[in-house]
Amino acid sequence: MMLLITMAFVIPANAVSTRAISVAPDIEFDGTEATCTVRILGDRTTDEIKATMELRQGGRLIADWSDSGNGFLEISETVSVARNTTYTLEVEYSINGDSKTPVSISRTNR
């Protein structure tokens, strides 16, 4: 009986926290300021995440930022921008030293 109770509370090894990698870049405008944000969720809480995000207007680099973290990384920075202009935020990142496909988003400041 005790064996059955013990087995009921054992968590299978494959049930250890794994999740899908997620990358969510965003640009929000407030007048002539843009807040650039990226949130990266690793596959595991122990994953080493390194990322660089670049804000570009056409081919011109406006600003870039880098950071690193474990399991989850959020970078959020604000920069001055012009109205009626389209900007692209590109994120290059790696997980556990393995470079991933860059992700980008474009928005127009109206």
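**Briefing: strands, core and loops of a predicted model**

Thr35 stands opposite Thr78, a residue of strand E5. This pair of threonines belongs to a predicted model, in which the protein chain holds 1 helix and 8 strands. Read along the sequence, these elements follow the pattern α-β-β-β-β-β-β-β-β. The points below start with the sheet that contains E5, then move to the nonpolar core, the aromatic pair and two loop residues with positive phi.

**The open sheet**

- Three strands make up an open sheet in the order E1-E2-E5, and their pairing is antiparallel.
- E1, which spans 22-30, and E5 stand at the edges of this sheet with a single partner strand each, so one side of each is left without a neighbour in the sheet.
- Neighbouring strands here are turned against each other by 10° on average, when direction is ignored.
- E2 and E5 are joined in the antiparallel sense over 9 bridges, and E1 and E2 also pair in the antiparallel sense, over 9 bridges.
- On the E1 side of the sheet, Ser22 has Leu41 of E2 as its bridge partner.
- The hairpin of E1 and E2 has 2 residues between the strands, and within this hairpin Gly31 takes a positive phi near 65°.

**The nonpolar core**

- The largest nonpolar core has 21 residues, and those with the most contacts inside it are Met53, Leu55 and Trp65.
- At least two residues of this core come from each of the strands E2 (33-41), E3 (48-57), E4 (60-70), E5 (72-80) and E6 (85-95), with E6 giving the most, namely 5 residues.
- Which residues is Leu55 in contact with, leaving aside its neighbours within four places in sequence? They are Ile27, Cys36, Arg60, Leu61, Ile62, Ala63, Trp65, Val79, Val81, Tyr87, Thr88 and Leu89.

**The aromatic pair**

- The structure holds 1 aromatic pair, formed by Phe29 and Tyr87, whose ring centres are 6.0 Å apart and whose planes lie at 45°, so the pair is tilted.
- This pair links distant parts of the chain, with Phe29 in strand E1 and Tyr87 in strand E6, 58 residues apart.
- The two partners can be set side by side in terms of burial: Phe29 is partly exposed, with a relative accessible area of 24%, whereas Tyr87 is buried, with a relative accessible area of 3%.

**Two asparagines with positive phi**

- Most residues other than glycine have a negative phi.
- Asn84, which is not a glycine, nevertheless has a positive phi near 55°; Asn84 is found in the loop between E5 and E6 and counts as exposed, at 63% relative accessibility.
- Asn96 likewise has a positive phi, of about 55°, although it is not a glycine; Asn96 is placed in the loop between E6 and strand E7 (98-99).
- Asn96 is partly exposed because its relative accessible area of 48% falls short of the over 50% that exposed residues require.

**The chain as a whole**

- Buried residues account for 28% of the 110 residues in the protein chain.
- The protein chain exposes about 7000 Å², and carbon and sulfur atoms supply 49% of this area.
- Among contacts between residues at least 6 apart in sequence, 56% join residues that are at least 24 apart.

Methods:
Residues are numbered from 1 along each chain as its sequence is written. This is a predicted model: local features need pLDDT of at least 70, side-chain atom pairs count only at pLDDT 80 or more; totals for chains, interfaces and linings use all residues. Side-chain values use heavy atoms; hydrogens and water are left out. A nonpolar core is a set of buried Ala, Val, Leu, Ile, Met, Phe, Trp, Tyr and Cys residues joined through side-chain atoms within 4.5 Å. Buried means under 20% relative accessible area, exposed over 50%, partly exposed in between (1.4 Å probe, protein chains only). Helices (H or I, at least four residues) and strands (E, at least two) are DSSP runs, numbered from the N terminus. Contact means heavy atoms within 4.5 Å. Two strands pair if DSSP finds at least two bridges between them. Axes are lines fitted to C-alpha atoms, for helices over the stretch in contact, and angles run from 0 to 180 degrees between N-to-C directions. Accessible areas come from the Shrake-Rupley method with a 1.4 Å probe; for residues, only the protein chains shown count as cover. Rings of Phe, Tyr and Trp (its six-membered ring) pair if their centres lie within 6.5 Å; planes under 30 degrees apart count as stacked, over 60 as edge-to-face and the rest as tilted.
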